[in-house]
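Please open the model in your viewer and keep the sequence beside it. The tour below moves from one selection to the next and says what is there at each stop.

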Amino acid sequence: MEKGKILIIDDEDIVLRSCQRALSPAGYDVRVAKNGIDGLKMLETEAFAVVLTDLKMPDLDGIEVLRRIRETWPDIEVIIITGYQTVETAVKAIKLGAFDYIEKPFSPEQILSVIRNAIERRTKQ
Amino acid sequence: MKTHVKKTLNSLTGKLILTIGTLMVAGSTIFWYFLIQHQEKELLRNSIKYGDSFIDFVEKSTRNGMLTFQQILIQQTVEAIGSAEGIIRIRMVDGKGRIAYSSIKEEKGTMLDKSESLCMLCHSKSGESVKMQSSSIKMGKDGYRVLNILHPIYNEPACYTSYCHAHPKEQGILGFAEADISLSILDKAIKKQEIAITAYVIGFICLLSVILCTILWNLVSTPLSILTHGMERVAAGELDYTVKIDTGDEMGDLARAFNAMTFDLKKAKDELVEWGNTLEKKVEEKTEEIKKAQTKLIHSEKLASLGRMAAGVAHEINSPLTGIVTFGHLLRDKFPEDSQEREDVEVIIEQANRCSNIIKGLLGFARATSAEKGLININDLVNSSLNMVQHKADFFDIKVVLNLDESLPPLRVDASQIQQVFLNMIINAADAMEGKGTFTVTTRKVVENGSSFAEVEFNDTGHGIMEENIPKLFEPFFTTKPVGKGTGLGLAVSHGIIQDHGGRIRVKSELGKGTSFFVRLPYYEG
């Protein structure tokens, strides 16, 4: 049962694996990228419903990834993953058009809930 | 003794007495001399006057005898008068220089010695006749002075018309009457008077000197020595010493001026000493302040580096924790409900979440610097904070009392940070009360050092805090809660936040009775 294609961008392997293991059983097609540049390349070749991106990454950070996606693929919902929540980054992310943000460490239920909400909004639009 | 006299003579009083004494002696001597001279002259003048009267008397007594040419009678009269006391000699000399009559019989009929003053009087210059009587004073044989009176006897009609025709009409002066009168009585009187006056003058000088000395001693010397003594005492540092001279004269003025000066000196010295003391105290206070500021700086630097470290650690640790939590959940769902394995995995997930909470607490430091301030009603913040926790099981049996001052103005604060502080206070109170008791929140206005603050008091009826723990309350990682319940960061973070807002947190606690936390925030002056 194909629910939607989801791209996870994070420099931490364990986060990528956790997301995959949490989302795949729920029927999501999960693809992963180890950094922002790779993620953007994948976006150019494949169509995604939702992108989850870490905030702090080498080379290209989550805010920059968010900005590029908003510019090029405005219909993709972006969810920010933060190592720790700060008011500014959260506000900045939401202002730049992120759908939501999720704090590490998150449980499978939490990430599923956020993804569900994002897809729900996307289908409503 | 000798030096004492010298000292006295050198003193002001000595000099004054010496000067005035010398002037007095000189003045008295001059006065004495002129008085005596005057007296003597006066007496002598009177004596000459009496001498003249006397010779006049002799002439008149012998006039009848002369006119009737009764030589024996004349001689007898002259002898009789000459025998009187004090009369040394009376004689009458004719124009040829023959002594016609004399009280000294032997002289009668003899010629005058040409050198005698009597002759010299008439014949000093050739042909010049004597105009009038004369008087002179010479020394007598007995040592007393003798007054010599010489009186010319003029020719008159009764003389040249007398039957004896002894004198022709042309003759001007017929002869001389001469008297030597002893001045012994006068000399004796003068001597007596001289002695008396001298005695009086000496007595007067002595008396005056004694009076002068006494006056000078009392008016000058005594007050001066009192003043000198006082100055020596003051110079030796005895600034409480006052000179006691209560006279209304210049000495009194001097003493009063001196006392005023000593008083001012003491005041100035006291001020100086006090200034020195307070300076020391001020330096101590400043040093203490600097030490405190330094400690605070070190403390805040520590917190800042801790915050930076926490941020880094949070980023690194939260990713593996995500793995633990996610895979824990996946693993848990593989075990049936109520199985031991499922319970074990629950523990793993729970502990991973605890790690995450510790990290969140640490992050409070990093966040304290990134405040977003707005004008917020403090009472609203208290209410919303309470609403967030009141529905929790920990609060079911706790009575919450609110005493909120509705007149408090809005404050410029970061609402989420202040709410974090309030939540901390509320959760700590609930923990301390262990589920039962009364929790009172009071807001009020306080004024300290002219600045206004809003104060929120969180009072619980919990177990209280041990006195030795109070200073450590705001240190990071200090906790009295059981392991796993508190991170020891809540109050440290709260303290940092409130300090960042220009306020402070105070604690008042009594073991067994409860604790009050006072959170004070400054009024917004914009």
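Which residues does R444(B) touch, not counting residues up to four places away in sequence? R444(B) touches D405(B) and E455(B), where two residues are in contact, or touch, if their C-beta atoms, placed from the backbone, lie within 7 Å.

Before going further, note that this is a predicted model, in which local features need pLDDT of at least 70 and side-chain atom pairs count only at pLDDT 80 or more, while totals for chains, interfaces and linings use all residues. Residues are numbered from 1 along each chain as its sequence is written, and chains are lettered from A and ligands numbered from 1 in the order in which they are written.

**First stop: R444 of chain B**

Keep R444(B) selected and colour the strand that holds it, β9 (residues 437-448) of chain B; helices (H or I, at least four residues) and strands (E, at least two) are DSSP runs, numbered from the N terminus. Add D405(B), which is 39 residues from R444(B) in sequence but 5.5 Å from it in space, C-alpha to C-alpha. R444(B) counts as partly exposed because it has 15 C-beta neighbours inside 10 Å; a residue is buried if 20 or more other C-beta atoms lie within 10 Å of its own, exposed if 12 or fewer, and partly exposed in between, with C-beta atoms placed from the backbone.

**Second stop: strand β5 of chain B**

Now select residues 173-182 of chain B, which form strand β5; seven of its ten residues are buried, so the strand is largely enclosed by the rest of the structure. Strand β1 (residues 87-94) of chain B runs antiparallel to β5(B) and is joined to it by seven bridges, and within this pairing I90(B) has A179(B) as its bridge partner. Strand β4 (residues 145-154) of chain B is also antiparallel to β5(B), with nine bridges between them, and here L150(B) stands opposite E178(B). Two strands are taken to pair if DSSP finds at least two bridges between them.

**Third stop: the sheet of chain A**

Turn to chain A, which has five helices and five strands and follows, along the sequence, the pattern β-α-β-α-β-α-β-α-β-α. Of the 125 residues in chain A, 40% are buried. Select the strands to see an open sheet of five, in the order β2-β1-β3-β4-β5, with parallel pairing. β2 and β5 (100-103) of chain A stand at the edges, each with a single partner strand, so one side of each is left without a neighbour in the sheet. From one strand to the next the twist averages 20°. To look at one pair in detail, show β1(A) and β3(A), which are joined in the parallel sense over four bridges, and find L7(A) opposite V51(A) in β3(A).

**Fourth stop: helices across the sheet**

Add helix α1 (residues 13-23) of chain A, which lies across β1, β2 and β3 of that chain and runs at about 175° to β2(A); axes are lines fitted to C-alpha atoms, for helices over the stretch in contact, and angles run from 0 to 180 degrees between N-to-C directions. Then add α2(A), which lies across β1, β2 and β3 of chain A and runs at about 160° to β1(A).

Which residues of α2 (residues 36-45) of chain A are buried? They are G36(A), G39(A), L40(A) and L43(A). Seen down the axis of α2(A), these buried residues fall within an arc of 95°, so they line one face of the helix; the arc is that of the directions from the helix axis to the C-beta atoms. They pack against β1 (5-9), β2 (29-33), β3 (50-54) and α3 (62-72) of chain A, whereas the face turned away carries the exposed residues K41(A), E44(A) and T45(A).

**Last stop: the core and the two chains together**

Show both chains and select I6(A), C19(A) and I79(A), the residues with the most contacts inside the largest nonpolar core, which has 43 residues. A nonpolar core is a set of buried Ala, Val, Leu, Ile, Met, Phe, Trp, Tyr and Cys residues joined through C-beta atoms within 7 Å. The largest share of this core, six residues, comes from α7(B).

Finally, select the contact between the chains, where 22 residues of chain B meet 18 residues of chain A. On the chain B side, α7 (250-332) and α8 (340-368) are the elements that give two or more residues, and α7(B) gives the most, with 15 residues.
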